Amino acid sequence: MIKFLDLYKINERFRDEIDLKIKDILNSGWYVLGKQNEIFTNHFAEFCGVKHCIGCANGFDALKLIIKGYGFSKGDEIIVPANTYIASILAVSENGCTPVLVEPDINTYNINPDLIEEKITENTKAIMVVHLYGQTVNMQKIRNIAEKYNLKIIEDSAQAHGAVYHGKKCGSLGDASGFSFYPGKNLGCLGDGGCVTTNDDELAEKIKTLANYGSDRKYHHIYKGVNSRLDEIQAGILDIKLKYLDNDNQRRRQIAQYYCKNINNPNIILPVEKQMPILDNLSHVWHIFALRTPNRDRLKKYLEQNGIEANIHYPTPPHKQKAYKEWNNMQFPVTEKIHNEILSIPISPVLVDAEIEKIVRSLNEYV
């Protein structure tokens, strides 16, 4: 079976370095908010091209901390994509704010900037963009809207580590960005982890304090904060893997280009590169290679019968989830079409050519 994502193979490449790093951390006797956290966050800030990176417990917390850091609360509205993983929307709700859903572009699956303005009210405070599947949103249009209405731009960069928009990396394209380092991400640790990146000095200091019980120094609490910290072991592992991220992303691009060039089945709709030109050749880091087909479940079963594991990202849109039952009767037809047809096939830096060729051959033979 060709696994959808073989995390053992991905991390085995770094075993010797990780073993040495863990030994070093164990010997240090310091496991939270220490040297490894400082080293990694400095390196990741430099990688993203920003002044500040604050480690936290996970990507969900990163988004929650940004919203909390800005002081947004009940009655405030935040524009979010209707087509996204539910965590983006939950982060808004968790702060007592109101998520306002906007349909995606059917070609890119990202939020459609042309539909945002009509959703803006006097209560709108921010636009949250999600660089879904690893491709950057059309940020110039987003910036123009944000400047016109004096809105903050929050990036959900959980799937887009290293993606570039017109020479700038995700994490530096808005006012603040949340990253996830969940193991399956392009840059993943061996557990949960996340961070916030920003050029805003005041916000960075506030988030750093909020994430540590609202404490700016020991036993001194200036905010009603939370406990959300990136531990030393995960920070150390991430710093090792960060050195290889650009090369891993390039391998993903090579695989995606091969898929787009060689999958030729009229029943299958390929992602953006075959649909429309991308903004530059680094704008997509292919966290997910998502096909569309009218009979998605049948294709998934067919691939499994041929020894290929495929996943669905995501089967049910947020507005149809029980958690948001008040939205269940709302209609977002583009989002619903995507969620009904989407199927993700294997793409990772450890896939070998024979596996890639088998995947293409199986897809082309599908009827």
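Contact here means that heavy atoms lie within 4.5 Å. In this predicted model, Gln321 touches Ile86, Thr316 and Asn328, with residues up to four places away in sequence left out of the count. Gln321 is placed in the loop between α11 (296–305) and α12 (333–341). With a relative accessibility of 28%, Gln321 is classed as partly exposed, because that class covers values from 20% to 50%. The side chain of Gln321 also comes to 3.1 Å from the backbone oxygen of Thr316. Val352 is 31 residues from Gln321 along the chain, and the C-alpha atoms of these two residues are separated by 37 Å.

The nonpolar interior was examined next. The largest nonpolar core contains 31 residues, and Ile67, Ile78 and Met128 have the most contacts inside it. At least two residues of this core are supplied by each of β1 (52–56), α4 (59–69), β2 (77–81), α5 (86–94), β4 (124–130) and α7 (201–210). The largest share, five residues, comes from α4. A second core, separate from this one, has 25 residues, among them Ile268, Phe289, Ile359 and Val360. For Met128, when neighbours within four places in sequence are set aside, the residues in contact are Leu63, Ile67, Ile78, Ile79, Val80, Pro81, Ser88, Val92 and Ile154.

Aromatic rings were considered as well. The count of aromatic pairs in the model comes to 13. One of these pairs is formed by Phe14 and Tyr244, whose ring centres are 5.1 Å apart and whose planes are at 35 degrees to each other. The pair is classed as tilted, because this angle is neither under 30 degrees, as for stacked rings, nor over 60, as for edge-to-face rings. Phe14 and Tyr244 link distant parts of the chain, being 230 residues apart. Phe14 is in the loop between α1 (7–12) and α2 (15–28), whereas Tyr244 is in the loop between α8 (232–242) and α9 (245–262). The two partners fall into separate accessibility classes: Phe14 has a relative accessible area of 3% and is therefore buried, while Tyr244, at 29%, is partly exposed.

A single aromatic cluster is formed by Phe40, Phe44, Phe47, Phe179 and Phe181. One member of this cluster, Phe47, also has a charged group over its ring: the charged end of Lys169 is 3.7 Å from the ring centre.

Technical notes: Residues numbered from 1 in each chain as written. Predicted model: local features only at pLDDT ≥ 70, side-chain atom pairs only at ≥ 80, totals over all residues. Heavy atoms only, no water. Phe/Tyr/Trp six-rings, centres within 6.5 Å; stacked < 30°, edge-to-face > 60°. Helix = DSSP H or I, 4+ residues; strand = E, 2+ residues; numbered from the N terminus. Buried < 20%, exposed > 50% of the residue type's maximum accessible area, 1.4 Å probe, protein only. Lys NZ or Arg CZ within 6 Å of the ring centre and 35° of its normal. Core = buried A, V, L, I, M, F, W, Y, C linked by side-chain atoms within 4.5 Å. Polar contact = N/O pair within 3.5 Å; in protein donor to acceptor, adjacent residues only side chain to side chain.
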